[in-house]
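Welcome! Here is a set of questions about how the features of a protein model get their names, with each answer worked out step by step.

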Amino acid sequence: MPTAAGPVLPVVLKHATKRKSASAQIREGAIEVTLPKHWLPSFQKKVTQDLCDRLQRQFQTDWQLVQKDQGPLISFDNPQRLTDWVTQLNQETLQVPLNGVRIGSSKYSRLAQMNTKTCWMTISRYCLDRVPESALRYLVIHELAHLKVPNHSPAFWSEVKAFVPHLRHQRRLIAAIHRIRLYEEATQSRLCLSQPPIEPPPSLSFKKPTPKPQKKKSLFRQLFLFGFD
Ligand SMILES: [Zn+2]
């Protein structure tokens, strides 16, 4: 059965004076495009369209992959439960000298990382929320294997492959989960922010802010708002 298409990401445009090239990324639930200010509007429009198309396609691929049945899902928000699960997996597989596991909360950090000096593993909380067990297993084994081989050399991958069937698929899946969970959280907080503000109690009075003069929108911004066709 085909999976339903995912939401279309909103686009945020930024202009930079010192930039020589354009870039785009998915951030806070939107596609953020940064363009050199000196480019002609028609060229900015074309580049923006190309970059957005590529990221929308990538987001749709992630979305569809995450919606498919990928086997049992698990979640961890308790570091002790996660440590127990990882410790058992380590005993069943690589048996490396792991010291501990922590849950990372940064939005901009990697999916997971291993400190090879302290032997502590950090896993992003965006990879621990309704994640297919097989994909989390891959992520943990990847990090454990860094205690045997610190870099991503062929020797490292053969350590991982020995315990992870369908390695490429699991790799794609965990990366997609990470991006989709970040998107979901950003969308959720945007919805919360758009709620009407709480009314102050009647005894308090606030000075009404003077309205700011409306800035004239640039031609490109107007074109963008009305679409490119
Ligand atoms: Zn690695």
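Q: Which residue in β7 stands opposite glycine 100?
A: In this predicted model, glycine 100 faces tryptophan 120 of β7.

Q: How do you know that β5 and β7 are paired, and in which sense?
A: Two strands count as paired when there are at least two bridges between them. β5 and strand β7 (residues 120-124) have 5 bridges, in the parallel sense, so they meet that cut-off.

Q: What makes β5 and β6 the edge strands?
A: The sheet is open, with 3 strands in the order β5-β7-β6 and mixed pairing. Both β5 (100-104) and β6 (112-115) pair on one side only, as edge strands do. Neighbouring strands here are turned by 20° against each other on average, direction ignored.

Q: Which helices pack on these strands?
A: Helix α2 (residues 79-92) packs on the sheet and touches β5 and β7, its direction making about 130° with that of β5. Helix α3 (residues 133-145) lies across β6 and β7, at about 25° to β6.

Q: How do you know that the span of α2 agrees with its number of residues?
A: At 1.5 Å a residue, the 14 residues of α2 should span 20 Å. The C-alpha atoms at its ends are 20 Å apart, so the two values agree.

Q: Why can the buried residues of α2 be said to line one face of the helix?
A: The buried residues of α2 are Leu82, Val86 and Asn90. Looking down the axis of α2, its buried residues fall within an arc of 70°, and therefore they line one face. They pack against β5, β7 and α3.

Q: Which exposed residues does α2 carry on the face turned away from its buried side?
A: That face carries Gln80, Arg81, Gln88, Gln91 and Glu92.

Q: Why does glutamine 170 count as buried or exposed?
A: The cut-off for buried is 20 or more other C-beta atoms within 10 Å. Glutamine 170 has 22 C-beta neighbours inside 10 Å, so this residue counts as buried. Its place is in helix α5 (residues 167-193).

Q: What is glutamine 170 in contact with, leaving aside its neighbours within four places in sequence?
A: Glutamine 170 is in contact with Ser134, Ala135, Tyr138 and Val164. In addition, glutamine 170 and glutamine 70 are 9.7 Å apart in space, C-alpha to C-alpha, although 100 residues separate them in sequence.

Q: What about glutamate 28: where does it lie, and why is it given its exposure class?
A: Glutamate 28 lies in the loop between β2 and β3. A residue is buried at 20 or more other C-beta atoms within 10 Å and exposed at 12 or fewer. Glutamate 28 has 15, so it is partly exposed. In space, glutamate 28 and glutamate 185 are 8.2 Å apart, C-alpha to C-alpha, while in sequence they are 157 residues apart.

Q: How do you know that β2 and β3 pair, and which way do they run?
A: With at least two bridges needed for a pair, β2 and strand β3 (residues 30-36) are joined by 5 and run antiparallel. Within this pairing, alanine 24 has valine 33 of β3 as its bridge partner.

Q: What is the strand order of the sheet that holds β1, β2 and β3?
A: This open sheet of 3 strands has the order β1-β3-β2, with mixed pairing. Its edge strands, β1 (11-16) and β2 (23-27), each pair on one side only. Helix α1 (residues 41-67) packs on the sheet, touching β1, β2 and β3, and its direction makes about 150° with that of β3.

Q: Where is confidence lowest and where is it highest?
A: The lowest mean is 44, in helix α6 (residues 219-225), and the highest is 98, in α3. The protein as a whole averages a pLDDT of 86, and 81% of the residues score at least 70. Over residues 196-209 the pLDDT is below 50, and this stretch has 1 contact in the model beyond near neighbours in sequence.

Q: How many helices and strands does the protein have?
A: There are 6 helices and 8 strands. Of its 229 residues, 21% count as buried.

Methods: Residues are numbered from 1 along each chain as its sequence is written. This is a predicted model: local features need pLDDT of at least 70, side-chain atom pairs count only at pLDDT 80 or more; totals for chains, interfaces and linings use all residues. Helices (H or I, at least four residues) and strands (E, at least two) are DSSP runs, numbered from the N terminus. Two residues are in contact if their C-beta atoms, placed from the backbone, lie within 7 Å. Axes are lines fitted to C-alpha atoms, for helices over the stretch in contact, and angles run from 0 to 180 degrees between N-to-C directions. The expected span of a helix is 1.5 Å times one less than its number of residues. The arc is that of the directions from the helix axis to the C-beta atoms. pLDDT is the predictor's confidence in each residue, from 0 to 100.
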